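Biologist: Please take a close look at any enclosed empty space in this model, and then set it in the context of the surrounding chain. I would like the cut-offs behind each term to be stated as you go.

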Amino acid sequence: MARCVIDEDACQGHALCVFEAETIFRIRDSDGKAELLLDEIPDELLPQLHSARDACPEQAIEVTE
C-alpha cells in the first residue's frame with residue numbers, strides 16, 4: 001500500500017490526476033482542487049497513481065510507498 005499527499009497550495013485544479021486515476025482522485029466542488037478518495041492506495045492502483053503524479057503540471061502530488 002502507498003500513501004499520497006496533495007499539496008493544496010500548489011494544486012491548480014487542472015484535473016489531470018482525475019483523468020489518470022478517477023478511483024483515487026476527484027475535484028472538489030467547493031474550490032476546484034483535487035482531493036483523495038482513498039487514505040491508502042492499494043498496490044493494484046499504483047500504476048494509475050504514478051501516472052496521475054507524473055501528469056500533474058504543478059507537481060502537487062507526493063507518493064510514499
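**The cavity and its surroundings**

Modeller: Of the 65 residues of the chain, 37% count as buried, where buried means under 20% relative accessible area, exposed means over 50%, and partly exposed lies in between, with a 1.4 Å probe and protein chains only. The model is a predicted one, in which local features need pLDDT of at least 70 and side-chain atom pairs count only at pLDDT 80 or more, while totals for chains, interfaces and linings use all residues. Residues are numbered from 1 along each chain as its sequence is written, and side-chain values use heavy atoms, with hydrogens and water left out.

To the part you asked about: the structure holds 1 cavity of 30 Å³ or more, a cavity being a set of points on a 1 Å grid over the protein atoms alone where a 1.4 Å probe fits but cannot get out. The volume of the largest cavity is about 100 Å³, and its lining is made up of 14 residues, of which C11, H14, A15, C17 and C56 come closest to the centre. For these figures, grid points are joined across faces, edges and corners, the volume is the space filled by probe spheres set on the points, and a lining residue has an atom within 4 Å of a point. By character, the lining divides into 11 nonpolar residues, 3 polar ones and no charged ones; here Ala, Val, Leu, Ile, Met, Phe, Trp, Tyr, Cys and Pro are nonpolar, Asp, Glu, Lys and Arg are charged, and the others, Gly among them, are polar.

The cavity belongs to a chain with 2 helices and 4 strands, which follow the pattern β-α-β-β-α-β when read along the sequence. These elements are DSSP runs numbered from the N terminus, with helices (H or I) of at least four residues and strands (E) of at least two. The C-alpha trace spans about 30 × 20 × 20 Å along its principal axes. Its radius of gyration, taken over C-alpha atoms, is 10 Å, which agrees with the value near 11 Å expected for a compact globule of 65 residues, the rule being 2.2 Å times the number of residues to the power 0.38. Among contacts between residues at least 6 apart in sequence, 55% join residues at least 24 apart, a contact being heavy atoms within 4.5 Å.

Of the residues closest to the cavity centre, A15 deserves a separate word. A15 lies in the loop between strand 1 and helix 1, the helix covering residues 16-20, and has a positive phi of about 70° although it is not a glycine. A15 counts as buried because its relative accessibility is 18%.

Two other members of that group lead outward from the cavity. H14 is in contact with E58, whose partners beyond four places in sequence are A10, Q12 and H14. E58 itself sits in the loop between helix 2 and strand 4 and is partly exposed, since its relative accessible area is 34%. The same loop, running between helix 2 (46-55) and strand 4 (61-64), also holds Q59, a residue other than glycine that has a positive phi near 55°. With a relative accessibility of 70%, Q59 counts as exposed.

C17, in turn, touches F25, which also has C4, I6, V18, E35, L36, L37, L49, A52 and I61 as partners when residues up to four places away in sequence are not counted. F25 is placed in strand 2, residues 25-27, and is buried because its relative accessible area is 1%. Between the C-alpha atoms of F25 and Q12, 13 residues apart along the chain, there are 14 Å.

V5, in strand 1 (residues 3-6), contacts A60, I61 and E62 once neighbours within four places are set aside. The C-alpha atoms of V5 and V63 are separated by 6.6 Å, with their positions 58 residues apart along the chain, whereas E58 and V5, 53 residues apart in sequence, are 13 Å apart from C-alpha to C-alpha. After strand 4 comes the segment that holds E65, which counts as exposed at 62% relative accessibility and which contacts M1, A2, L46 and H50 beyond its four nearest places in sequence.

How values were computed. 1 Å grid on protein atoms, 1.4 Å probe; cavity = no way out; pocket = protein on both sides within 12 Å on 5 of 7 lines; lining within 4 Å.
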